[in-house]
Amino acid sequence: MADDGELVESGTFRVDRRKALEKLKEFQLPDPAMFLLPWVRCAVASDAIAIDIHENNAKDVLEVRFDGRPFTEKELRKLYDYLFEEETPETVRNRHLAVGLLTVLRLKPECVTITSGAGTERVCLKVESLKSESMQTPEEGPGGTILRVDFTGFRLKGPSFGLLRRHVNDRYR
């Protein structure tokens, strides 16, 4: 092995986060309507007892609500970092949340809002695209986590979406 080569230089390099996430976004799930699957996995990994998937077609809104361990501001601020870190039992839910978010962004929603926690610990991340995301002051509301997708003139349909939604609502309500 010593004759294989000679180390000339070592160092570090930077990866453009936005470009890396754009690439990852394209290779998550084969059908972007399956974004619910990693979000349900996220809820289960958060020790959720109840999961509710609700569509409001009049407002072009889909919400996934679940109880269990809420997300912190720190977790939401570095959400995509969990895609590049070693998965642990404590962080697997964060990875599922990030995979679902990248997958739903392929559908080009108006925005995705992640609200989690209760009282003064309640946090909210608003994502309009990989280029536009910000922490928001959350509205008061019940505890738990709410993943809200605002679509404009888009309806989620197809067998994969409908079957998953019905299965989750039947099992976790």
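Leu62 stands opposite Val149 in β6. This is one pairing in a predicted model, and a good place to enter the sheet.

**The sheet**

β2 and strand β6 (residues 145-150) run antiparallel and are joined by six bridges. Further along, Arg65 has Ile146 of β6 as its bridge partner. Phe66 is bridged to Thr145 in β6.

On another side, β2 pairs with strand β1 (residues 51-56), again in the antiparallel sense and over six bridges. Here His54 stands opposite Glu63 in β2.

β6 also pairs with strand β3 (residues 111-116), antiparallel and over six bridges. Val112 has Val149 of β6 as its bridge partner. Val149 also faces Leu62.

The bridge partners named here are gathered below.

| Residue | Opposite residue |
|---|---|
| His54 | Glu63 in β2 |
| Leu62 | Val149 in β6 |
| Arg65 | Ile146 in β6 |
| Phe66 | Thr145 in β6 |
| Val112 | Val149 in β6 |

What is the order of the strands in the open sheet? The order is β1-β2-β6-β3-β4-β5, six strands with antiparallel pairing. β1 and β5 (132-136) stand at the edges with a single partner strand each, so one side of each has no neighbour in the sheet. Neighbouring strands are turned by 15° against each other on average, direction ignored.

Why is strand β2 described as largely enclosed by the rest of the structure? Strand β2 (residues 61-66) has six residues, and five of them are buried, so the rest of the structure largely encloses it. β6 is likewise largely enclosed, because five of its six residues are buried.

In a regular strand, side chains alternate between the two faces of the sheet.

**The core**

Helix α4 (residues 92-105) lies across β3, β4 (123-129) and β6. The helix runs at about 160° to β3.

The largest nonpolar core has 34 residues. Those with the most contacts inside it are Trp39, Val64, Phe66, Leu97, Leu101 and Val104. Several elements supply at least two residues each: α2 (36-45), β1, β2, α4, β3, β4 and β6. Which element gives the most to this core? It is α4, with seven residues.

Val64 shows how the parts meet. Leaving aside neighbours within four places in sequence, Val64 is in contact with Leu36, Trp39, Ile51, Asp52, Ile53, Thr145, Ile146 and Leu147.

**Helix α2 and its rings**

The buried residues of α2 are Leu36, Pro38, Trp39, Val40, Cys42 and Ala43. Trp39 has a relative accessible area of 0%. Phe35 is also buried, with a relative accessible area of 0%.

How many aromatic pairs does a search of the whole structure find? The search finds one. Phe35 and Trp39 form it, edge-to-face, at 5.2 Å centre to centre and with 80° between the planes.

Another ring has a charge over it. The charged end of Arg93 sits over the ring of Phe71, 3.9 Å from its centre.

After α2 comes Asp47, with a positive phi near 65°.

**Where α2 meets α4**

Ala45 lies in helix α2, and His96 is in helix α4. Their C-alpha atoms are separated by 8.8 Å, although the two residues are 51 residues apart along the chain.

Is Ala45 buried or partly exposed? At 24% relative accessibility, Ala45 counts as partly exposed. His96, at 19%, counts as buried, because the cut-off for buried is under 20%.

Each residue has its own contacts, not counting residues up to four places away in sequence. Ala45 is in contact with Arg69, Val92 and Arg93. His96 touches Pro38, Trp39, Arg41 and Cys42.

Trp39 thus links several of these topics. This residue is buried, pairs with Phe35, touches Val64 and His96, and is among the core residues with the most contacts.

How values were computed. Residues numbered from 1 in each chain as written. Predicted model: local features only at pLDDT ≥ 70, side-chain atom pairs only at ≥ 80, totals over all residues. Heavy atoms only, no water. Phe/Tyr/Trp six-rings, centres within 6.5 Å; stacked < 30°, edge-to-face > 60°. Buried < 20%, exposed > 50% of the residue type's maximum accessible area, 1.4 Å probe, protein only. Lys NZ or Arg CZ within 6 Å of the ring centre and 35° of its normal. Helix = DSSP H or I, 4+ residues; strand = E, 2+ residues; numbered from the N terminus. Pairing = 2+ DSSP bridges. Axes fitted to C-alpha atoms, helices over the stretch in contact; angles between N-to-C directions. Contact = heavy atoms within 4.5 Å. Core = buried A, V, L, I, M, F, W, Y, C linked by side-chain atoms within 4.5 Å.
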